[in-house]
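Colleague: I am new to reading protein models, and I would like to learn how to look at pockets and sheets. Could we go through them together, step by step?

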Amino acid sequence: MSDKPRVRFAPSPTGYLHIGGVRTALFNWLWARKTGGTFVLRIEDTDQERSTPESVRVILDSLRWLHLDWDEGPEVGGSYGPYFQMQRLDIYKKFAQDLIDKGCAYRCYCTKEELAAAREKLKQENPKAAFVYPGTCRHRTDRPDRPYVVRFNMESVRREVTTYQDLVFGEVTTPNSAQQDFVLLRSDGIPLYNFGVVVDDITMRIDLVMRGRDHMVNTPPQILLYEALGQPVPRFAHLPMMLAPTGEKLSKRHGAVSVSEYRDKGYTPDAVLNYLVRFGWSFGDQEIFSRTELIEKFGFDHLGRHDGRFDARKFADVAFEHLKQPSLTDTASYASQVQPFLRARGLADIEPDRLMKAIPTIRERARTLVEAAEAMDFFFREPPAMDEAARDKFLTVDALPHLELLAGVLREVDPFDAHVIEERVQAILQERGLHIKVLAQPARVALTGRKVSPGLFDVIAVLGRDRCLARLGAAIGFVRGSGR
C-alpha cells in the first residue's frame, strides 16, 4: 500500500446520508488525513429513477457539517473527474470495448422476455435451482441491429479461485465457479455497479478500497475485472456492519439514521464521528476521542471483524460528553454551534460576550445543543418567558422585601462578580437571621421566569446589573400591583 494512499467515498444520491455511510466515509477520511493521502468523493448516480439533485445537496451539506472535507470531487474539482458517474458514460463505453476486443467480454442480445422464459423453465424443472446465464451469446459473431448488454466472459478466466488479502478479514478465497457472465453495461450505456466502480477506481487511481463487509460479495468479480483490464488490483478493507439493536440491518424504523436528524437533535459533528468510529475500531478501553486523537490513533491494527449494534442511549451519552468537556468542545466552538438553535427559538439579538459567559452555567446539564438553547433562553429573551405557576407560588407579598434587598445589593456591589455578590447577600441575610432559601427561589423566578435554573449568583453575573435590576423591578411591580 502506498505511503500516501488514494481512498474514496462513493455514495448514491437516493435520499438522506445514512450514518452507516458516514462511518465508511469517516474511516477513509481518517486514513487519508493520518497518512497525508487523498480523500476522493464520487457520486454514484446511475439509479436515475431515485437519484436527485436534492439528495446530492444533502450529501455534500452533511459531509461539510461533519467537517469531512474531500480533496477531490464535486464543487472541489480534481485531475481525475468528472466525479458523477452519469457524466462518465463515454469512459465506461471505452473500457467495455477494450474488454470485448480482448475476448474478456461480449455483446449479449438476449431479451428480457427470453431470459424470463429461461428462468421459468428452470423453475419448472428444479424449483430450488438458482438461474445462471447459460452463455447464449458468448460465441456469437453476428452484430444484429438491436439493443444489447455487455457481459463479462468467465471463460476468459483461467484459474479456479480468486484470492485476495483483506486488511480486516485476512485471506479471502472464492471459487470462480460461483461467478456467471455478469452484466457490465446495460443497453442504455449505464454501467452496473461492479463495472462502474472498477472503471472509476482505475481512472481515479484509487489504491485502497475501504467499505462495508456487505460488499465482500462484489470483490471477486471486481478483481477479475482489474486483471482483465491489465490494471493493478487495489488493497481491500471490509468493515464490520452497523446493525439495529435487533441484529437486523439498521434502517429508519429503528430510529434516527440520517446525519441531518442528529444535527437537528443538537449533536455536535465530533460527537457523531466519535460514536460511529467505534463500529469496527477500538483503542484499548478509551471511549471518548477528539478529532485530533482519532487521526493520530486510527489504524488497521485496531480494526475488528465483529458487527456492532446501534445503541441510541450510548450515542446520546457520547454526544453529552462532547458538550460537557471543554477539551472536546471549547466555549467558542460551543457558542458558534448553539447559535442556530437559539435563533430557531426566535432569539436573533444574541450578545457574544453574554453567550460566552452563559455557556459554562449550563454545560454540565444540557445533553444536546437543543437543550442548551432551551436552558439559556432566559439569558437573551426580554422579558423572560414566565412560568405562571412558579410566578404565582413565589412572587408574593412575603417575597417582596427579599427581592428589594437583592435589588439594593445589586445596585451597589462592585465588582459585579458572582462570588462577591453571593458573599454580600449571605452576609446581609446572616445579619437578619434569614436563610438563603427565602430569597433564592423568588429571585430565580423573577430573573429567569423558571423554578429551575443554573446557580442564582452565576445567573446574576451573566445577566449583568442593568438587566437584573430591570427584571427585579418588574417582579416587584407585579407583586405590588397584584396585592398577593
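**Pockets and a sheet**

Modeller: About 530 Å³ of space lies in the second largest pocket of this model, which is predicted.

Colleague: How is such empty space found, and which residues lie nearest the centre of the second largest pocket?

Modeller: Rolling a probe the size of a water molecule over the atoms shows where empty space is left. In this case the lining comprises 24 residues, and Cys110, Lys112, Leu115, Val149 and Arg151 are those that lie nearest the centre of the second largest pocket. Helix 4 (112-125) and strand 4 each supply at least two residues of that lining, with helix 4 giving the most, namely three. Sorted by class, the lining of this second largest pocket has 13 nonpolar, four polar and seven charged residues.

Colleague: What is the volume of the largest pocket, and which element gives the most to its lining?

Modeller: The largest pocket has a volume of about 1100 Å³, and helix 1 gives the most to its lining, with four residues. Of the 35 residues that line the largest pocket, Ser12, His18, Gly21, Asp214 and His215 lie nearest its centre.

Colleague: Strand 4 was mentioned; in what order do the strands of its sheet stand?

Modeller: Three strands form an open sheet in the order 3-4-7, with antiparallel pairing. Strand 3 (105-108) and strand 7 (183-185) each have a single partner strand, so one side of each is left without a neighbour in the sheet. Strand 4 (residues 149-152) is joined to strand 7 by two bridges, and Val150 stands opposite Leu185 in strand 7.

Definitions and conventions. Residues are numbered from 1 along each chain as its sequence is written. This is a predicted model: local features need pLDDT of at least 70, side-chain atom pairs count only at pLDDT 80 or more; totals for chains, interfaces and linings use all residues. Side-chain values use heavy atoms; hydrogens and water are left out. Two strands pair if DSSP finds at least two bridges between them. On a 1 Å grid over the protein atoms alone, a cavity is a set of points where a 1.4 Å probe fits but cannot get out, and a pocket is an open set with protein on both sides within 12 Å along at least five of seven lines; lining residues have an atom within 4 Å of a point. Grid points are joined across faces, edges and corners, and a volume is the space filled by probe spheres set on the points. Ala, Val, Leu, Ile, Met, Phe, Trp, Tyr, Cys and Pro count as nonpolar, Asp, Glu, Lys and Arg as charged, and the others, Gly among them, as polar.
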